[in-house]
Amino acid sequence: MTDKDDPFTEIEELFDQFTDFGATLSGEVPVDVLDTEQAVVVLADLPGRDPADIQVRLKTGRTLRIEAPARETERDGRYVARGRPRDAVSRTVRLPADVDEGETDASYENGVLTVRLGKPSETDGTEIPVS
């Protein structure tokens, strides 16, 4: 039986599509989390936001909180269609590893927030010479 013939595969694909669709409509920020040897990188889609209004907060327990307030969009004229997100959005992300609070930075370019959280150096402590 191929995947195309398997009704459970089709149901799973539909469920994935609806889950992705619902996350976008629910006010949750879509994110990717990348775990590398030196850092955890979080990429968040926040199109049309002012970087000064985006709040990024590292909380205890390896949790990152991203928030952006509702956008003000005053324009002259009458809207015929409005499909661009304007509401306040937020997302709490559980990080896959411990991070070093002193080794963090965030940047915003082309509607994507990139948060880089460095991992603590893995030293075996301080060596103590024996005399």
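**Exercise 1.** Leaving aside its neighbours within four places in sequence, which residues is arginine 49 in contact with?

*Solution.* The model is predicted, so local features need pLDDT of at least 70, side-chain atom pairs count only at pLDDT 80 or more, and totals for chains, interfaces and linings use all residues. Residues are numbered from 1 along each chain as its sequence is written, and side-chain values use heavy atoms, without hydrogens and water.

Step 1. Contact means heavy atoms within 4.5 Å. The partners of arginine 49 are Ile54, Ala68, Pro69, Ala70, Arg71, Pro85, Arg86, Asp87, Val89 and Tyr108.

Step 2. Arginine 49 is located in the loop between strand E2 (39-45) and E3; strands are DSSP runs of E, at least two residues, numbered from the N terminus.

Step 3. The side chain of arginine 49 comes to 2.6 Å from the backbone oxygen of proline 69.

**Exercise 2.** Find the nearest side chain of opposite charge to arginine 49.

*Solution.* Arg counts as positive, Asp and Glu as negative. The nearest such side chain is aspartate 87, at 7.4 Å. Arginine 49 has no salt bridge (Lys or Arg side-chain nitrogen within 4 Å of an Asp or Glu carboxyl oxygen), yet is buried (under 20% relative accessible area, 1.4 Å probe, protein chains only).

**Exercise 3.** Give the strand order of the sheet that holds E4.

*Solution.* The order is E3-E4-E5, an open sheet with antiparallel pairing (at least two DSSP bridges between two strands). Strands E3 (55-59) and E5 (89-94) are the edges, each pairing on one side only. E3 and E4 (residues 63-68) share 5 bridges; valine 56 has isoleucine 66 as its bridge partner in E4.

Key: Helices (H or I, at least four residues) and strands (E, at least two) are DSSP runs, numbered from the N terminus. Buried means under 20% relative accessible area, exposed over 50%, partly exposed in between (1.4 Å probe, protein chains only). A polar contact is a pair of N or O atoms within 3.5 Å; within protein, one must be able to donate a hydrogen and the other to accept it, and residues adjacent in sequence count only if both atoms are side-chain atoms.
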